[in-house]
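Q: Here is a structure I want to question term by term. Tell me what each label rests on.

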Amino acid sequence: MTNIKKIYAVTSILFLAILAISPLKNYFQEWRSIQKNFNSSLESYPQKIKPVDVGLKQIWVQELGKIDRCTSCHIGISDSKLVTAPEPFSTHPRVFHDPEKFGCTICHQGQGLATNYNDIHEVSEFWDKPLLPDKYIEATCGRCHIGQNLKDTPNLNYGKEIVEDFNCVGCHDLPGIKKKFVPGLDGIGSKVTGRQWMVNWLKNPNKVLSKAKMPNFLFSDDEVNTLTDFLMSFKSFTGSVQPDSIPKIYEQRKEEDDFINLGKTKFREARCISCHTVEGKGGHLAVDLIKVASKANATWIYNYIRNPKKFQPGVAMPQFGFSSEEAAAITAYIESEFVDWDLPDEDKSDYKHPADFFAKGLALFNKYNCSGCHNLSANGIAVNKGPELELIGSKNLYQIEWGSSSITHTLYNFLENKIKSPRIFGDQTRMPVFNLSGKQVEAITTYLLSLQKIDFPFNYLQIAPPPPVYFPKGEVAKIINKYSCLQCHKIEGTGGTIAPDLSIVGSQLQLNWIKKYFEVPYSLRPIVEERMPKLFISNKEIETLLNYFNTELLDDSISFIEETLFNNSNIDKGKSLYSQKYGCQSCHILDGKGGYVGPPLDNIGDRLKPEWIFSWLINPQKYKPETIEPRTGMPEKEAIDITRYLMSLKKEK
Amino acid sequence: MKKIATIFIIIIATGFSCKEERNEPDSIAYNDTLKVIDQAYESNSIWAKYNYDQRRGKRLFEHYCSVCHGLKGEGDGFNSYNLISKPHSLADSVYMKNLTKETLNQIISFGGVSNNKSNEMPAYSYTLNKYQIDYLISYINTLMQ
C-alpha cells in the first residue's frame, strides 16, 4: 500500500469516529436524563401520571413563528396534576394564555430552540433577548396589549404613570404619553425673590424641596451661575401680562396679627393643604409651600392666589373666589410663615454679571434641553432631544454604548442602571438624575422594555381605543376650567382619579345637598387625604352647574326606576338586613358606630337618591369596578327594604 | 505525510475542545459587588418572595382585605378598631393551622356567618371568582410566621 492510501484509511476512520461522536453527544444531552428522572419519580405522586416518551418536545406556534423546546424539561406545564411537583416538572400557573397555543418565549423571551441549560437560562452576548427576569415579565404583556392598562399588569401601568409624571416625553419620544404641565419660565426674574434661591435650586432641587419633580442636572458651579443670570434676566410674563399691584391694605397691615390670622383662616377654609404640603402635612398634588415665601415675592404670590391661570395657563390650581383683601391677607400669612430661615441673605454688592452670560446661558439652556419641559419665550431656543425610545425594547446589544461600566450586558440591566444613575455610561451624557425608588426604577424599566417592534401578526395586537374626550360647552366649560374640576374629578372618561367620578352625578345625589356642599364642603371619607377645597364659588355658578348635573350627567337606567317602588316596603326589615345579614356597619358609620372604609351614612336620606342606593346595592362593581364594597348578590326585595331604611335616615323627618 | 495527518488530527481535536468550552457560562464581565447589591435588593422584593399565584393574591389582599385585616394580615388594619369583633391575626400559625383550605374558601366566599364567625366579614363569592379566591388563600398561607 502506498502512503497516500494509509493516510486515506486513517482519515476515513477518524471521520467515522467523529461522525459517531455527534449522535453520542445527543444521547448524553441533559434533557434526556431529566426526562428519565421524571419517569422514574412518577410513583411518588398521589395521582397516576403517564410517563413521558423520551425525546425532544417542542411547541410550534406557526403564526408567531415560534418554536419553543422548553417543554422537553418543563414536562408538566399543562398537566394540572403536577401542581406540587418539583421544578422543572410543575404546572404553569394559570395565566391568560394557554402555553400550548402561545408557546413560551413570546412572554418569557429567551432562546426557544436551544436545548442546553446555559443557552436557555443564562445571559449570552449572542442573544439579544435573554430569559426575562420575573420582575420585568409584564413588559411582554405590553408588547401586544398596547395602552390597555390591564389590571393584572400593575408594574407596567405604574411604570407608564411615572414616565408621564416625570415628563420623560420632554426629552424622549414615547408613544401615547401626554406631555405634562410644567410651569413656564417667562417672567421668572420677576417672580423669584433673588439669585440665591435660584442657585440653590439649580444645584440640587431635591435639597430645596424633598419631593421636587425637577431632576438634578449635576451642574458645575460655573454652569449654575451662568444659568441663574440667564434666567433672572427674564422679567416679563407670557403675553406681556402685567401683574396687578398689591392692594394698599397689604403694606399697611401686613405685620398685624389680625390681618395674618384672617389669611390663616382663609388658607384653612379653602383647604389649601389638600393639594399643597405644609410642614410635612398635606397633599402631594401641588408644590410644597414650606419655603415658598423665600422663593417668590409677595406681588407674585398675591396675583397667583387671585388668578393662577393668568401667569401659567394650564396650571392645575383652581381660581378661588377670594376678594382682593382676602388674597392680600393670605399673602401676608404666607410671607410671615413659609420662609426658609436658612437661606443666607443676598449679597448684592459683590456680584457682577459676566458680559457674555446671555449667550452662554442660552447655550446651556439648549444643551440640556430645558425647553423640553419649560416654556420660555426667547430667540434662539432650540429643541435638543435625547434618543427616541419608541422601540427601545428592541434595541440590540451591539448598539448600546456601555462605557467603562462593568455591568452584565443585557438590555434590562442597561435600562435599569441608566435610570438609576444616568451618567454611569460616560460623563458626556446629558441625562439628569431623578429621585426614584428601587420599585419605581423597576416599573419604568418594565414599561420601556415593553416598547418593542411588532414582529408578530397584527391580529395578535390589542390596542386600547383612544380615551373618550369630554367637551363641556359654553358657560359650564368656563366654570369647570376656572375651578379645575377635572384635576380631581372624572367626567365621561376625562379627568383625574382622586375624587369621585361625576359622570352620573345627577342620578346619584340630591341637588339640595350638592348646593349645600359647595358652600361648606366637608370630607365624606375620612381616610382620603385629599379634601374638596372650598372654592368660594358664586351662587350663579352653582346654579349653572346644578342645572348641568341634572340635565346632562345622568344614567337613564337609574333615572327610570320609579320612586313608588320604595313605598311598599318594610323599614324594620331593612334595618335588620343592614345590621344582621349584611353587616354594613363594618365599613359604614351610622349613629357613631361602625367603620370608616365607606362614607358615613348619617342623614343619607338627605344626600342620595333612592334609585341610586338601590342600583348600587344590587351591583356596586357596575358603577365603580375597583370599589372595595363587595357585591352581595342580594335579591331585589331586600335591596328595596334596605333602600327604604336608608332613605328614612334624614335630619328633618 | 505523517505530519499532515497529525496536523489534521490536532485541528479536529481543537475543534472539539472549543466546542466543549461553549458549554461553560459565557464569560462576560461580572461585577461581584454589584451582583451582591442586586441580590440583596431582590431577596426583599416580592418577585423573589412569592410565586405568581401568591403575587396575585397579594394584590387582591391589599385591595379588599387589608383595610380590616392589615397589610401583614395581623388583624390591625385601620378599620379593625371600629369592628365589634376584631379580626383574628392571619399570621398566627396555631390559629391558621386549624383552618383548612376549604374552610378559608367558605369564609371568603360566603362570609363570616357561614362558619359561625362575625357577620362583619362580608361574602365575596359575587365579587371574586373562584380562581381569585384561590390566589387569596395561597397568599394568606404565606402570612403565617
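Q: What share of the contacts in chain A with a separation of 6 or more comes from residues 24 or more positions apart?
A: The share is 66%. This is a predicted model, and the values are computed from it. A contact here needs C-beta atoms within 7 Å.

Q: How do you know how chain A stands against a compact globule of 653 residues?
A: Set the two radii of gyration side by side. The globule would have one near 26 Å, but chain A has 33 Å. The C-alpha atoms of chain A fill a box of roughly 125 × 85 × 40 Å along the principal axes.

Q: What makes a residue of chain A count as buried, and how many percent do?
A: Buried takes 20 or more other C-beta atoms within 10 Å. In chain A, 30% of the 653 residues are buried.

Q: Why is the set of 86 residues called a nonpolar core?
A: Because its members are buried residues of the listed nonpolar kinds, joined through C-beta atoms within 7 Å. Among those with the most contacts inside it are Ile301(A), Tyr333(A) and Leu136(B). Helix 17 (residues 324-337) of chain A gives the largest share, 7 residues. A second, separate core has 18 residues, including Tyr136(A) and Leu449(A).

Q: Which residues does Tyr333(A) contact, leaving aside neighbours within four places in sequence?
A: Ile260(A), Gly263(A), Lys264(A) and Phe267(A).

Q: How many residues of chain A are in contact with chain B?
A: There are 37, facing 34 residues of chain B. Helix 1 (residues 3-27) of chain A gives the most to this side, 6 residues. By class, the side has 14 nonpolar, 17 polar and 6 charged residues.

Methods:
Residues numbered from 1 in each chain as written. Chains lettered and ligands numbered in written order. Predicted model: local features only at pLDDT ≥ 70, side-chain atom pairs only at ≥ 80, totals over all residues. Contact = placed C-beta atoms within 7 Å. Helix = DSSP H or I, 4+ residues; strand = E, 2+ residues; numbered from the N terminus. Nonpolar A, V, L, I, M, F, W, Y, C, P; charged D, E, K, R; others polar. Buried ≥ 20, exposed ≤ 12 C-beta atoms within 10 Å, placed from the backbone. Rg over C-alpha atoms; globule rule 2.2 N^0.38 Å.
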